[in-house]
Amino acid sequence: MYYCTYQSPLGEIALTANDNGLSALAFQMGKSPITFTGLTEDGSKFTDVIQQLTQYFDGSRKQFDLALAPEGTNFQKQVWQALVKIPCGETKSYGWIAKSINNAKAVRAVGTANGANPIALIVPCHRVIGSNGKLTGYAGGLALKAKLLMHEGALFTP
(Lines give C-alpha, C1' and ligand atoms only; values in the text may rest on other atoms or scores of the structure.)
Protein backbone atom coordinates (compact mmCIF):
# COMPACT_ATOMS: atom_id res chain seq x y z
CA MET A 1 0.00 0.00 0.00
CA TYR A 2 1.15 3.50 -0.88
CA TYR A 3 0.30 6.97 0.35
CA CYS A 4 0.85 10.63 -0.32
CA THR A 5 -0.68 13.90 0.82
CA TYR A 6 -2.17 16.71 -1.23
CA GLN A 7 -2.65 20.27 -0.07
CA SER A 8 -6.12 21.30 -1.25
CA PRO A 9 -7.73 24.73 -0.85
CA LEU A 10 -9.83 23.11 1.91
CA GLY A 11 -6.96 21.51 3.82
CA GLU A 12 -4.62 18.57 3.65
CA ILE A 13 -5.92 15.45 1.93
CA ALA A 14 -4.37 12.03 2.51
CA LEU A 15 -4.47 9.46 -0.28
CA THR A 16 -3.77 5.73 -0.19
CA ALA A 17 -3.62 3.24 -3.04
CA ASN A 18 -2.79 -0.33 -3.81
CA ASP A 19 -1.78 -1.78 -7.17
CA ASN A 20 -5.45 -1.82 -8.28
CA GLY A 21 -6.20 1.85 -7.66
CA LEU A 22 -7.07 4.50 -5.10
CA SER A 23 -8.18 2.90 -1.85
CA ALA A 24 -8.78 5.92 0.40
CA LEU A 25 -9.04 9.71 0.42
CA ALA A 26 -9.58 11.64 3.62
CA PHE A 27 -9.49 15.26 4.69
CA GLN A 28 -6.95 15.05 7.50
CA MET A 29 -8.73 17.69 9.61
CA GLY A 30 -11.91 15.56 9.66
CA LYS A 31 -13.10 12.87 12.06
CA SER A 32 -11.35 10.04 10.20
CA PRO A 33 -7.80 11.06 9.24
CA ILE A 34 -5.64 8.42 7.59
CA THR A 35 -2.64 7.06 9.48
CA PHE A 36 0.35 6.02 7.40
CA THR A 37 1.75 3.25 9.61
CA GLY A 38 2.96 0.40 7.43
CA LEU A 39 2.45 2.33 4.18
CA THR A 40 5.10 3.42 1.69
CA GLU A 41 5.20 7.06 0.62
CA ASP A 42 5.23 7.23 -3.18
CA GLY A 43 3.83 10.33 -4.86
CA SER A 44 4.39 8.81 -8.32
CA LYS A 45 1.43 6.45 -7.71
CA PHE A 46 -0.91 9.45 -7.37
CA THR A 47 -0.08 11.62 -10.41
CA ASP A 48 -3.52 11.21 -12.03
CA VAL A 49 -5.35 11.62 -8.73
CA ILE A 50 -3.51 14.84 -7.88
CA GLN A 51 -4.04 16.23 -11.38
CA GLN A 52 -7.78 15.52 -11.23
CA LEU A 53 -8.11 16.92 -7.70
CA THR A 54 -6.36 20.11 -8.82
CA GLN A 55 -8.75 20.37 -11.78
CA TYR A 56 -11.73 19.77 -9.48
CA PHE A 57 -10.68 22.53 -7.10
CA ASP A 58 -9.95 24.99 -9.92
CA GLY A 59 -13.43 24.29 -11.33
CA SER A 60 -12.37 22.66 -14.60
CA ARG A 61 -13.30 19.07 -13.63
CA LYS A 62 -16.80 17.92 -12.70
CA GLN A 63 -16.29 14.15 -12.80
CA PHE A 64 -13.36 11.96 -11.76
CA ASP A 65 -11.98 9.20 -13.97
CA LEU A 66 -9.74 7.07 -11.78
CA ALA A 67 -9.18 3.42 -10.92
CA LEU A 68 -10.78 2.91 -7.52
CA ALA A 69 -10.13 0.05 -5.10
CA PRO A 70 -12.20 0.64 -1.94
CA GLU A 71 -12.53 -2.20 0.54
CA GLY A 72 -15.99 -2.94 1.85
CA THR A 73 -18.93 -5.33 1.81
CA ASN A 74 -20.90 -5.99 -1.36
CA PHE A 75 -23.71 -3.79 -0.02
CA GLN A 76 -21.31 -0.93 0.74
CA LYS A 77 -19.79 -1.18 -2.74
CA GLN A 78 -23.28 -1.08 -4.24
CA VAL A 79 -24.03 2.13 -2.34
CA TRP A 80 -20.66 3.66 -3.31
CA GLN A 81 -21.31 2.85 -6.98
CA ALA A 82 -24.63 4.69 -6.70
CA LEU A 83 -22.86 7.70 -5.16
CA VAL A 84 -20.55 8.01 -8.16
CA LYS A 85 -23.64 8.49 -10.34
CA ILE A 86 -24.69 11.69 -8.54
CA PRO A 87 -23.59 14.52 -10.85
CA CYS A 88 -21.48 17.41 -9.61
CA GLY A 89 -23.74 20.24 -8.48
CA GLU A 90 -26.60 17.94 -7.52
CA THR A 91 -27.63 16.36 -4.23
CA LYS A 92 -29.65 13.25 -3.48
CA SER A 93 -31.25 11.82 -0.35
CA TYR A 94 -30.51 8.54 1.41
CA GLY A 95 -33.93 7.38 0.23
CA TRP A 96 -33.00 8.11 -3.38
CA ILE A 97 -29.83 6.03 -3.00
CA ALA A 98 -31.82 3.16 -1.43
CA LYS A 99 -34.31 3.19 -4.32
CA SER A 100 -31.54 3.43 -6.91
CA ILE A 101 -30.02 0.17 -5.61
CA ASN A 102 -33.48 -1.49 -5.57
CA ASN A 103 -33.64 -1.65 -1.78
CA ALA A 104 -36.06 1.14 -0.81
CA LYS A 105 -36.34 -0.03 2.81
CA ALA A 106 -32.57 0.10 3.41
CA VAL A 107 -32.39 3.87 4.05
CA ARG A 108 -30.56 3.51 7.39
CA ALA A 109 -28.17 0.91 6.00
CA VAL A 110 -27.49 3.24 3.08
CA GLY A 111 -26.66 5.99 5.57
CA THR A 112 -24.24 3.69 7.37
CA ALA A 113 -22.59 2.63 4.10
CA ASN A 114 -22.38 6.25 2.99
CA GLY A 115 -20.61 7.11 6.24
CA ALA A 116 -18.15 4.24 5.72
CA ASN A 117 -17.10 5.46 2.27
CA PRO A 118 -13.29 5.35 2.29
CA ILE A 119 -12.80 7.52 -0.81
CA ALA A 120 -14.38 10.84 0.17
CA LEU A 121 -14.90 13.51 -2.49
CA ILE A 122 -14.15 11.22 -5.47
CA VAL A 123 -16.93 8.87 -4.35
CA PRO A 124 -19.14 11.87 -3.57
CA CYS A 125 -20.79 11.01 -0.26
CA HIS A 126 -20.89 14.77 0.43
CA ARG A 127 -23.67 15.02 -2.18
CA VAL A 128 -26.07 13.04 0.01
CA ILE A 129 -28.29 15.21 2.20
CA GLY A 130 -31.45 14.73 4.21
CA SER A 131 -34.80 14.40 2.42
CA ASN A 132 -35.66 17.81 3.89
CA GLY A 133 -32.73 19.39 2.00
CA LYS A 134 -30.61 19.85 5.13
CA LEU A 135 -27.04 18.76 5.58
CA THR A 136 -26.45 15.53 7.45
CA GLY A 137 -23.26 13.97 8.81
CA TYR A 138 -19.94 14.02 7.01
CA ALA A 139 -16.61 12.60 8.19
CA GLY A 140 -14.91 15.88 7.26
CA GLY A 141 -17.50 17.85 9.25
CA LEU A 142 -20.62 19.72 8.11
CA ALA A 143 -18.69 22.95 7.44
CA LEU A 144 -16.47 21.14 4.94
CA LYS A 145 -19.49 19.41 3.39
CA ALA A 146 -21.14 22.81 2.92
CA LYS A 147 -17.96 24.23 1.32
CA LEU A 148 -17.75 21.31 -1.12
CA LEU A 149 -21.42 21.66 -2.09
CA MET A 150 -21.05 25.44 -2.51
CA HIS A 151 -17.94 24.87 -4.66
CA GLU A 152 -20.07 22.60 -6.87
CA GLY A 153 -23.02 25.02 -6.96
CA ALA A 154 -25.41 22.56 -5.31
CA LEU A 155 -28.59 23.66 -3.57
CA PHE A 156 -29.11 22.72 0.08
CA THR A 157 -30.54 24.15 3.29
CA PRO A 158 -27.76 25.29 5.64
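This is a short talk on the pocket, the cysteines and the salt bridges of one structure.

Keep in mind that we are looking at a predicted model.

Let's start with the largest pocket. Its volume is about 270 Å³. The lining counts 19 residues. Nearest the pocket centre lie Gly115, Asn117, Ala120, Cys125 and Ala139. Which elements supply at least two residues of the lining each? They are strand E3, residues 21-27, and helix H4, residues 107-115. E3 gives the largest share, with 4 residues.

What about the chemistry of that lining? It divides into 12 nonpolar residues, 7 polar ones and no charged ones. So if you set up a probe there, remember the split, because no residue of the lining counts as charged.

Now the cysteines. A disulfide is a covalent bond between the sulfur atoms of two cysteines. How many disulfides does a search of the whole structure find? The count is 0. Take Cys4. Its nearest cysteine sulfur belongs to Cys125, and that sulfur is 19 Å away. Cys4 is in no disulfide. Is Cys4 buried or exposed? Cys4 is buried, at 4% relative accessible area.

Cys125 we have already met, among the residues nearest the pocket centre. The closest cysteine sulfur to that of Cys125 sits in Cys88, 14 Å off. The cut-off for a disulfide is 2.5 Å, so 14 Å is too far for a bond. Cys125 is buried as well, with a relative accessible area of 8%.

On to charged pairs. Side chains of opposite charge can pair when their charged atoms come close. The structure holds 2 salt bridges.

One joins Glu90 and Lys92. Their closest N and O atoms are 3.7 Å apart; the cut-off is 4 Å. How accessible are the partners? Glu90 has 35% relative accessibility and counts as partly exposed. Lys92, at 22%, also counts as partly exposed. Buried means under 20%, so Lys92 at 22% falls outside that class.

The other bridge pairs Glu152 with Arg127, at 2.8 Å from N to O. Where do these two residues lie? Glu152 is in helix H5, residues 142-152. Arg127 is in the loop between H4 and strand E6, residues 128-129. The pair therefore ties together parts that are 25 residues apart in sequence. Both Glu152 and Arg127 are buried.

To recap: a pocket lining without charged residues, 0 disulfides and 2 salt bridges.

Notes: Residues numbered from 1 in each chain as written. Predicted model: local features only at pLDDT ≥ 70, side-chain atom pairs only at ≥ 80, totals over all residues. Heavy atoms only, no water. 1 Å grid on protein atoms, 1.4 Å probe; cavity = no way out; pocket = protein on both sides within 12 Å on 5 of 7 lines; lining within 4 Å. Points joined across faces, edges and corners; volume = space filled by probe spheres on them. Buried < 20%, exposed > 50% of the residue type's maximum accessible area, 1.4 Å probe, protein only. Salt bridge = Lys/Arg side-chain N within 4 Å of Asp/Glu carboxyl O.
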